[in-house]
Amino acid sequence: MHKVLFVCIHNSARSQMAEAFLKKLGGSDFEVESAGFEPTAINPLVVEVMFEEGIDLARKGTQSVFDLFKKGRVFTHVITVCDDSQESKCPIYPGMTHRLHLPFPDPGTLTGDREEQLRQARVIRNSIKQAIEEFISWVRDKKPLGDSWHVKATRVGA
């Protein structure tokens, strides 16, 4: 069983989308959670664009990465999805086999009118979905990850 944790700042958008896509596309091979450093609430734009994919995040809550750590949760893969400027704040999570970074823009900072923000959120959503498909192929079939991925650490023997 692959235990995967997606981490971003607020657990309100990118990590939630990644978690939802891995649950939907990865099936029972993966146990998946997401968390943030400063959890807030799910971004309404994200709820809307994920609903277009048949995924309902309207009642989904956010959680703190530090609470998971305190509970002793262990993950084989910890994947940060915040932009590069925020990734350096991510702590080393104990017990993991793989630490990966996959930067995405923050939907919370999108500009323009509502339609433009939705368009940009869809671009981010589609990029995350594609990355999750690559991740699944990497884990299951040992296919290489795309150029957007950054492998931060891999424990020997993994």
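**Exercise 1. Which residues does A20 touch, not counting residues up to four places away in sequence?**

Solution. Keep in mind that this is a predicted model.
- Start with location: A20 sits in helix α1.
- Next, check burial. The relative accessible area of A20 is 10%, and the cut-off for buried is under 20%, so A20 is buried.
- Now list the contacts: leaving out residues up to four places away in sequence, A20 touches M50, I55 and L57.
- Finally, look at a C-alpha distance. A20 and D56 are 36 residues apart along the chain, and their C-alpha atoms are separated by 9.0 Å.

**Exercise 2. Work out whether the length of α1 agrees with its residue count, and how many of its residues are buried.**

Solution. Take the length, then the burial, then the neighbours.
- With 1.5 Å a residue, the 13 residues of α1 should span 18 Å. The end C-alpha atoms of α1 are 17 Å apart, which agrees.
- Ten of those 13 residues are buried, so α1 is largely enclosed by the rest of the structure.
- The buried set runs from R14 through S15, Q16, M17, A18, E19, A20, F21 and L22, and also includes G26.
- What do these buried residues pack against? Their partners are β1, β2, α2 and α5.
- Just past the end of α1, have a look at G27, which takes a positive phi of about 65 degrees.

**Exercise 3. Describe helix α2: its cap, its buried residues and what covers them.**

Solution. Go from the N-terminal end inwards.
- N43 caps the N-terminal end of α2, with a side-chain oxygen 2.7 Å from the backbone nitrogen of L45.
- Helix α2 covers residues 44–51, and its buried residues are L45, V46, V47, V49 and M50.
- The cover over these buried residues includes α1 (14–26) and α5 (114–141).
- M50 should ring a bell: M50 is one of the residues that A20 touches.

**Exercise 4. Find the largest nonpolar core and say which elements build it.**

Solution. Size comes before suppliers here.
- The largest nonpolar core has 47 residues, and F6, L22 and F135 have the most contacts inside it.
- At least two residues of this core come from each of β1 (2–8), α1, β2 (30–36), α2, α3 (65–70), β3 and α5.
- Which element gives the largest share? That's α5, with ten residues.
- Zoom in on F6. Not counting residues up to four places away in sequence, F6 touches S15, A18, E19, L22, V32, E33, S34, A35, I79, V81 and I132.

**Exercise 5. Say for T80 and for Q63 whether each is buried or partly exposed, and which side chain each one's side chain contacts.**

Solution. Treat the two residues in turn.
- T80 lies in strand β3 (residues 77–80). Its relative accessibility is 2%, so T80 counts as buried.
- The side chain of T80 makes a polar contact with the side chain of H101, at 2.8 Å.
- Q63 belongs to the loop between α2 and α3. Its relative accessibility is 25%, so Q63 counts as partly exposed.
- The side chain of Q63 makes a polar contact with the E33 side chain, at 2.9 Å.
- Beyond residues up to four places away in sequence, Q63 touches N11, E33, S34, A35, G36, P39 and L68.
- One last distance: the C-alpha atoms of Q63 and S12 are separated by 9.4 Å, with the two residues 51 apart along the chain.

Terms used. Residues are numbered from 1 along each chain as its sequence is written. This is a predicted model: local features need pLDDT of at least 70, side-chain atom pairs count only at pLDDT 80 or more; totals for chains, interfaces and linings use all residues. Side-chain values use heavy atoms; hydrogens and water are left out. Helices (H or I, at least four residues) and strands (E, at least two) are DSSP runs, numbered from the N terminus. Buried means under 20% relative accessible area, exposed over 50%, partly exposed in between (1.4 Å probe, protein chains only). A polar contact is a pair of N or O atoms within 3.5 Å; within protein, one must be able to donate a hydrogen and the other to accept it, and residues adjacent in sequence count only if both atoms are side-chain atoms. Contact means heavy atoms within 4.5 Å. A nonpolar core is a set of buried Ala, Val, Leu, Ile, Met, Phe, Trp, Tyr and Cys residues joined through side-chain atoms within 4.5 Å. The expected span of a helix is 1.5 Å times one less than its number of residues.
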